[in-house]
Amino acid sequence: MTDNHVRHEDGGSGRRYQSVQCPPLLTLGATRLAEPVATPEPYRPDQLSHTESARLVQAKADAEEALTAYHSRLKTAGDRMVDAWHRAKVGLHGLEVLLAERELGAAARQDRTVRREHADDGVEDRRHRPGWQHPAFVWAVILISAVYDTVFFAGSFRDALDAVDDVRTVEYWVSFLPGFGIFMALTLAGYWLGVPLFRHRARAERRRWRRQLGWRILLRRVFVMWRPEDEERQPGELPWPSWVLPVSFAVLVVGVLAGWAWLRGSRLVMSDLQWPLVGLLVLLSVSAIAFKAGAHNPVADRARRTGRRQRNVTRRYDRLKAESEAHLAGHEKAWQELHLAVEDAVTGVWRHVTDAWTEIAEGRARHGLTGMVAPGFVTSADTDASARALFVGLTGPSLRLETLRVMQDLLDRHRPEVLSAEQTALTEQLNAQLDAATVEQWPGPTDGGPAAV
């Protein structure tokens with residue numbers, strides 16, 4: 001029999017036993033294994049219970065495991081970005097070399113010097129070369145003259161060699177070899193005559209005064225004293241014209257060709273055509289020499305070289321600039337791809353931690369052991385996912401996310417702004433170099449120029 005939780009047992013001796021109160025039920029708490037082994041007690045909001053700590057540890061493991069799925073994408077994007085960075089640096093190195101060579105400014109200065117020297121030439125600009133004096137046309141005329149003379153004299157050469165007029169013999173083709181010598185002789189004679197001729201014309205054009213010239217003075221200067229007074233060569237002037245060797249060689253070439261033409265004409269049936277034939281061959285040779293001598297124009301050649309040099313350097317600058325801009329654009333795209341890959345990896349990794357903190361906050365709202373007011377949120381711009389925190393005063397286990405830190409460091413060290421600033425500095429220096437060589441300086445107030453306002 002029991003009474004008030006006291007058990008009475010009737011025995012032979014009639015003794016009674018005091019009742020004992022049962023202990024409270026022990027549980028394991030909200031775990032996956034069993035019910036709580038003890039009654040939960042209130043704790044501070046900045047503390048974590050065993051259940052919450054276990055949930056965060058599990059989130060840490062899930063986050064680190066999730067990061068491995070992004071390794072391949074991060075590595076591919078990182079390699080592509082580094083390669084693009086090095087290509088961009090190579091493109092910028094081309095601009096650096098161009099800047100160090102100072103070729104852009106030198107070419108512009110030389111072109112400006114040529115234009116300034118011939119600014120007062122007027123209509124007869126010495127830099128101008130008529131179309132019929134184009135180098136290709138000049139060489140074609142000399143070559144045609146040499147070929148004609150060679151074919152015309154080939155028969156006389158074969159007679160001199162006692163060769164048979166048969167194309168199957170070696171002597172037949174050997175008779176055409178002097179044509180190369182004729183071509184070289186005409187070219188050399190024309191060039192040698194063109195050099196003193198141009199120097200004489202340039203010196204005569206610079207003379208401001210001309211003396212009287214009569215037949216007595218002309219005969220005296222030709223047969224008695226060709227240079228009646230001493231002359232002084234000024235600095236910067238062309239060398240003195242020398243006529244002895246060019247004229248002697250030209251006379252020798254024309255004389256030899258005239259002699260062979262006379263020999264060739266002696267074999268004609270109509271002897272009356274011998275001297276007209278000699279005159280025609282001489283005229284053809286003299287014309288080729290005069291054509292080459294008249295086309296000799298160092299001023300036009302210099303202007304063409306300086307213009308071509310400036311165009312080539314300008315094209316090189318434009319090409320290097322365009323290539324560097326293309327490489328910089330490619331690097332920026334690769335950098336953005338890596339940045340997006342890192343952001344996706346951070347989001348995927350942080351999602352597991354965020355889900356864990358969400359469950360912890362919902363659990364606290366149900367049991368109320370930490371109060372009904374949640375801790376404040378952490379506002380931080382830190383990009384390191386391993387050090388992130390969601391609530392003030394509450395931190396979970398650190399995540400092992402070395403891959404993300406390496407990728408973020410890679411992004412910081414290869415930012416597109418660095419390359420863009422370097423390219424801007426190089427282009428500004430190159431443009432300043434070009435402006436300094438092409439822009440004429442305004443004279444100061446003391447030089448008669450406009451005074452500064």
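What follows is a short exchange between a visitor and a guide about how terms are applied to this structure.

Visitor: What kind of model is this, and how are its residues numbered?
Guide: This is a predicted model, where local features need pLDDT of at least 70, side-chain atom pairs count only at pLDDT 80 or more, and totals for chains, interfaces and linings use all residues. Residues are numbered from 1 along each chain as its sequence is written, and side-chain values use heavy atoms, with hydrogens and water left out.

Visitor: How many helices and strands does the chain have?
Guide: Twelve helices and two strands. Both are DSSP runs numbered from the N terminus: helices are H or I with at least four residues, strands are E with at least two. Along the sequence the pattern reads β-β-α-α-α-α-α-α-α-α-α-α-α-α.

Visitor: Why is serine 285 called buried?
Guide: Its relative accessible area is 1%. Buried means under 20%, exposed means over 50%, and partly exposed is in between (1.4 Å probe, protein chains only). The value of 1% is under the 20% limit, so serine 285 is buried. Serine 285 lies in helix H9, residues 274–294. Leaving aside neighbours within four places in sequence, serine 285 is in contact (heavy atoms within 4.5 Å) with Ser145, Asp149, Leu186 and Leu257.

Visitor: What makes histidine 93 partly exposed?
Guide: Histidine 93 has a relative accessible area of 46%. That falls between 20% and 50%, so histidine 93 counts as partly exposed. Histidine 93 lies in helix H2, residues 71–101. Its C-alpha atom is separated by 9.8 Å from that of leucine 426, 333 residues apart along the chain.

Visitor: What share of the chain is buried?
Guide: Buried residues make up 31% of the 453 residues. As for contacts with a separation of 6 or more, 77% join residues 24 or more positions apart.

Visitor: How do you know that arginine 304 and aspartate 301 meet in a salt bridge?
Guide: The N to O distance is 3.2 Å. A salt bridge is a side-chain nitrogen of Lys or Arg within 4 Å of a carboxyl oxygen of Asp or Glu. The 3.2 Å value is within 4 Å, so the pair qualifies. Both residues lie in helix H10 (residues 298–367), three residues apart, about one turn of the helix.

Visitor: Why is aspartate 301 called buried, and why is arginine 304 called partly exposed?
Guide: Aspartate 301 has a relative accessible area of 19%, so it is buried. Arginine 304 stands at 37%, so it is partly exposed.

Visitor: Which salt bridges join residues of helix H11?
Guide: One is between arginine 405 and glutamate 402, at 2.9 Å, N to O. They are three residues apart in helix H11, residues 402–413. Arginine 405 is partly exposed at 32%, and glutamate 402 is partly exposed at 44%. Another is between aspartate 409 and arginine 413, at 2.8 Å. These lie four residues apart in H11, about one turn of the helix. Aspartate 409 is partly exposed at 38%, and arginine 413 is partly exposed at 48%. Elsewhere, salt bridges that share partners join Arg129, Asp301 and Arg304 into one network.

Visitor: How many salt bridges are there by this rule?
Guide: The count comes to 19.

Visitor: Why is H1 called roughly antiparallel to H10?
Guide: The axes of H1 (residues 50–67) and H10 come within 8 Å and cross at roughly 165°. Axes are lines fitted to C-alpha atoms, for helices over the stretch in contact, and angles run from 0 to 180 degrees between N-to-C directions. Angles under 35 degrees are roughly parallel, over 145 roughly antiparallel, 65 to 115 roughly perpendicular, and the rest oblique. The angle is over 145, so H1 is roughly antiparallel to H10. Residues in the contact include Leu56 and Ala59 of H1, and Val349 and Trp357 of H10.

Visitor: What makes H3 roughly antiparallel to H10?
Guide: H3 (residues 103–117) and H10 pack at about 150°, with their axes 9 Å apart. That angle is also over 145, so H3 is roughly antiparallel to H10. Among the residues that meet are Leu104 and Val114 in H3, and Val313 and Tyr317 in H10.
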